[in-house]
There are 2 protein chains.
Amino acid sequence: MAGQRAERADAVRNRRAVLDATERLLAEGGGDHVSLDRVAALAGVGKGTVFRRFGSRAGLLQALLEERSRALKEAVTHGPPPLGPGAPARERLSAFLDALGAIAEDNAVLMSAHEQACAENKYADPSYRFWHRHLSTLLGAERPDLDAEFLAHGLLAVFDGALVRHLTPPGDPHRFTRSVQQLAGLRCQTSGRSPLASAAPDVNKRPPARRPGSGRC
Amino acid sequence: MAGQRAERADAVRNRRAVLDATERLLAEGGGDHVSLDRVAALAGVGKGTVFRRFGSRAGLLQALLEERSRALKEAVTHGPPPLGPGAPARERLSAFLDALGAIAEDNAVLMSAHEQACAENKYADPSYRFWHRHLSTLLGAERPDLDAEFLAHGLLAVFDGALVRHLTPPGDPHRFTRSVQQLAGLRCQTSGRSPLASAAPDVNKRPPARRPGSGRC
DNA sequence: GCATCAATCGGACCATCGGTCCGTATATGC
DNA sequence: GCATATACGGACCGATGGTCCGATTGATGC
């Protein structure tokens, strides 16, 4: 009745500590290196705390991932074009893939750890759902003749964390995103209905400024 | 010097038993239901035997998967067109995706269990390598202007076991393959160099006869 | 048949992991 | 200060993947 009490200060502090610890472990070892015992220890917290906060290993990683992509979600729903509403679907699509690619490149280990933890439920994950809805909406607008739902899944499948790492050579950290853009270009290029509507390959050249809002380079 | 001894009879028998047990467990429970203890028990074998034979959980699943896809590998390398050599790249591509889709649809649980077990090393898996090489060769022949290597990865990413299940409604077991074909059609349709070279959508209609050789429906 | 010997077997054993539980400590509101 | 809800921590649990080594057994030469 009295409006639920605010979160206790130590709780907030611990949440941050756990998240940071996870981040560090993720950075210094592979995704398998992040055991919840280790996370708790490094965060200086009991194991129970980690679970009370995040529910499960998947929840923890999900939370971290969510943090990394919050800015993009925001930009996509309420930000300015071309990411946000207002620009034509094709441009939004291109901008979105670019931004998502940047996140994927920066967080490939985190992403594959998360995929691993989610296992079967990956497609029920709220973040995934969000990306998928956004993508399929844009695709549907651009190519109403195709199965946008499936296309969106197919496009998202490419952002598999392990694949991103597999395809990111040490010397060229953006190769993945470039390739994704090329692939997406294929989809929109020359729709069946209006042949040669756009012969110009407006893909493949990405604006020099990157990371629209993902911060934390 | 005397040429290494042939494999002992019990060894052969046990290998089969383990493989069959895995298959059964996979069928009756989810992929997580397949613990190596259970496999060993159901096969009537010691746990050590399972490991000596297959090395690891991943190895076991890999072996089973390999068994399921052997026929397709064979058909692709030495079989008759359109799967085998001889047919134009586009047709081989279409046939190949159809066949791979059929395998994926029939073995979605096995595949996702395998992906789960392989984790990071999925892209080093010999089967994956094989599919990838084949695909990128065909794609390269069809569209030399594109990054066939990447495209092949992107196409294979769609065959994620969990995704296949997610996209296979109870009533329509072949929806996945149909969609894949549509997607692949996009890639070959109207190459940039020869606009409208092929307006005809030769995709989406698959021959009534399926399962070119994957046997074991 | 039988002895020999290496290949194979089997299951006890281990470390680790994700996850649970509950007695204890403490931040917060009054 | 005090009462109380809240959060803490780490012992504990069952299960899992993987290892090890003494016991067993199939093949081979005679």
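## The surface near DNA strand D

In the surface near DNA strand D, α3(A) gives the most, with four residues. This is a predicted model, so do read what follows in that light.

Several helices share the work here: α1 (9-28) and α3 (47-54) of chain A, along with α1 (9-28), α2 (36-43) and α3 (47-54) of chain B, each supply at least two residues of the surface near DNA strand D. There are 26 residues around DNA strand D, and the ones that come nearest are A:N14, A:G46, A:G48, B:A9 and B:G48. Sorted by class, the surface near DNA strand D has 12 charged, eight polar and six nonpolar residues.

## How the chains are related

Turning to the two copies, chain A superposes on chain B after a rotation of 179° with 0.0 Å of shift along the axis, at an RMSD of 0.1 Å. The two copies are thus related as by a two-fold rotation axis. Within chain A, the residue that comes closest to the rotation axis is A:A157, whose C-alpha lies at 2.8 Å.

## Where the chains meet

Chain A brings 28 residues to the contact and chain B brings 27 residues. On the side of chain A that touches chain B, α6 (108-118), α8 (148-157), α9 (161-166) and α10 (175-188) of chain A each supply at least two residues. That side of chain A is made up of 14 nonpolar, nine polar and five charged residues.

The copies meet through the same surface, because 96% of the interface residues of chain A are also interface residues in chain B.

Definitions and conventions: Residues are numbered from 1 along each chain as its sequence is written. Chains are lettered from A and ligands numbered from 1 in the order in which they are written. This is a predicted model: local features need pLDDT of at least 70, side-chain atom pairs count only at pLDDT 80 or more; totals for chains, interfaces and linings use all residues. Copies are superposed by least squares on the C-alpha atoms of residues with pLDDT of at least 70 in both. Two residues are in contact if their C-beta atoms, placed from the backbone, lie within 7 Å. Ala, Val, Leu, Ile, Met, Phe, Trp, Tyr, Cys and Pro count as nonpolar, Asp, Glu, Lys and Arg as charged, and the others, Gly among them, as polar. A residue is near a molecule or strand if its C-beta atom, placed from the backbone, lies within 6 Å of it.
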